[in-house]
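Here is a short report on one protein model and the ligand it holds. Have the sequence at hand as you read.

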Amino acid sequence: MTTSKFTEIGRALREHQHFAVLGHVRPDGDALGSQLALALSLKKLGKDVRVWNEDGMLEKYSFLARSDLMSKPPATAEDFDVAIALDTAIQNRLGTTVQAVRSAKVWINIDHHPSNPCYGDLVHVDPTAPATAQILFELISDQQLPIDSEIAENLFVAISTDTGSFQYPNTTARTFEIAAELIRCGVDVGRISQLTYENYPRRRIELLRELLATMRFDLGGRIASFSLSMKTAARLNVLPEDNEGLIDHLRAIRGVIVAVFFEELADGKVRVSMRSKIEKVDVCAICQKFGGGGHTLAAGARIRGTLAEVEERVLKEICEVVKRNS
Ligand code: AMP
Ligand code: MN
Ligand code: MN
């Protein structure tokens, strides 16, 4: 795996003026928090920065400091010196933001997905980092880039959400050291955690009730899944972002090794989210078979077919892997 040193990336950040900071479609806290944090640091260096995500800012993360900087990409492309992809395993997950970048002398790719093929000119992919924001913190420290309480807050939320509140096994001593540093930079943990985890719209919990009604167990309870049809999503008026994290209710069940969430999409595909509780059952490898990717314990894919067809194919594949490895 090619890895550009922080010095090379730091030099590119200082040398150039026009930056596009991009993240993956259907963004999560790590994508949005990382984008805002790096953009704010670059702005403090006096740079011109655009912060684009195909989906724009999500309502649920609109409490992030300077969330107003995030927008959907414009219809007409702009010129840049540098385009930066954050938390994005494959370039096509940047979605429509790519077309809005007409030319960029340098593409920088900073990510923590092991399936990242290392696209771009300056690449820093560290699969041991639990969040892209952790890599950004190391970059900011190493290169002495600007940091303030707003930047720290964005990094904190990004790390907190990608580690499941500092619980997943990729959370290391270093992660807690960084969290402590971020608190020293001005993060109010109680306030920011409440905004992140105790501020859901009621429809999210109504959605959970519907999902639990479809809950199914396979292989003697080692695989748990539930699914969401477009019909149900429309009836409840849910936003795509409302289901982020609901899969954790399945993962939390004793005896469950793999949790799966199936979501019917408007384009004839099904979005599949997978979580594993043991390294031996690598859900990234399973998702890659279906054209997706991610991490060993958390991965996803978008698969063509009806909800029933995709459920059948995917559950069959998972059954085989779980049988062989547990
Ligand atoms: P999710 O289940 O959507 O929270 O995604 C879990 C992990 O898998 C994240 O780290 C995603 O970046 C990755 N992932 C999800 N969907 C895809 C996909 N279609 N292709 C590649 N990676 C994905
Ligand atoms: Mn992400
Ligand atoms: Mn991430």
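R275 puts a polar side-chain atom 2.8 Å from an oxygen atom of ligand 1. Keep in mind that this is a predicted model.

**The ligand site**

How much of the 480 Å² of accessible area that ligand 1 has on its own does the protein cover? It covers 85%. R275 has company in making polar contacts with the ligand. The table sets out three such contacts.

| Residue | Atom of the residue | Distance to an oxygen atom of ligand 1 |
|---|---|---|
| H113 | polar side-chain atom | 2.8 Å |
| R275 | polar side-chain atom | 2.8 Å |
| G300 | backbone N or O atom | 3.3 Å |

Which parts of the fold give two or more residues to the shell around ligand 1? They are β10 (269-276), β11 (293-294) and β12 (298-304). The most comes from β12, which gives five residues. In total, 14 residues surround the ligand. Those that come nearest are H113, R271, S273, R275 and H295. Sorted by class, the shell holds seven polar, four charged and three nonpolar residues.

**The sheet with mixed pairing**

The strands just named also belong to a sheet. This sheet is open and has six strands, in the order β7-β8-β9-β10-β12-β11. Its pairing is mixed. Its edge strands are β7 (216-218) and β11, and each of them pairs on one side only. The partner of β11 is β12: the two pair in the antiparallel sense, over two bridges. Here G294 stands opposite A299 of β12.

Strands like these are held to one another in a common way. Strands of a sheet pair through backbone hydrogen bonds, and the pairing can be parallel or antiparallel.

Helices lie across this sheet. Helix α8 (residues 202-213) lies across β8 (223-228) and β9 (258-264). Its direction is at about 120° to β8. Helix α12 (residues 307-325) lies across β7, β8, β9, β10 and β12. It runs at about 165° to β9.

**The parallel sheet**

Another open sheet also has six strands, in the order β3-β2-β1-β4-β5-β6. Here the pairing is parallel. Why is one side of β3 (70-71) and of β6 (122-125) left without a neighbour in the sheet? Both stand at the edges and have a single partner strand each, so one side of each has no neighbour there.

Strand β5 (residues 101-111) pairs with β6 in the parallel sense, over four bridges. One detail of β6 is V123, the bridge partner of N109. Helix α1 (residues 6-15) packs on this sheet and touches β1 (18-23), β4 (78-86), β5 and β6. The direction of α1 makes about 130° with that of β6. Helix α4 (residues 132-142) lies across β4, β5 and β6, and it runs at about 100° to β5.

**Two helices in contact**

Helix α4 also meets a helix. The axes of α4 and helix α5 (residues 149-162) come within 8 Å and cross at roughly 145°. On the α4 side, the contact is made by A133, Q134, L136, F137 and I140. On the α5 side, I151, L155, A158 and I159 take part. What classes do the residues of this contact fall into? Eight are nonpolar, one is polar and none is charged.

Key: Residues are numbered from 1 along each chain as its sequence is written. Chains are lettered from A and ligands numbered from 1 in the order in which they are written. This is a predicted model: local features need pLDDT of at least 70, side-chain atom pairs count only at pLDDT 80 or more; totals for chains, interfaces and linings use all residues. Side-chain values use heavy atoms; hydrogens and water are left out. A residue is near a molecule or strand if one of its heavy atoms lies within 4 Å of it. A polar contact is a pair of N or O atoms within 3.5 Å; within protein, one must be able to donate a hydrogen and the other to accept it, and residues adjacent in sequence count only if both atoms are side-chain atoms. Accessible areas come from the Shrake-Rupley method with a 1.4 Å probe; for residues, only the protein chains shown count as cover. Ala, Val, Leu, Ile, Met, Phe, Trp, Tyr, Cys and Pro count as nonpolar, Asp, Glu, Lys and Arg as charged, and the others, Gly among them, as polar. Two strands pair if DSSP finds at least two bridges between them. Contact means heavy atoms within 4.5 Å. Axes are lines fitted to C-alpha atoms, for helices over the stretch in contact, and angles run from 0 to 180 degrees between N-to-C directions.
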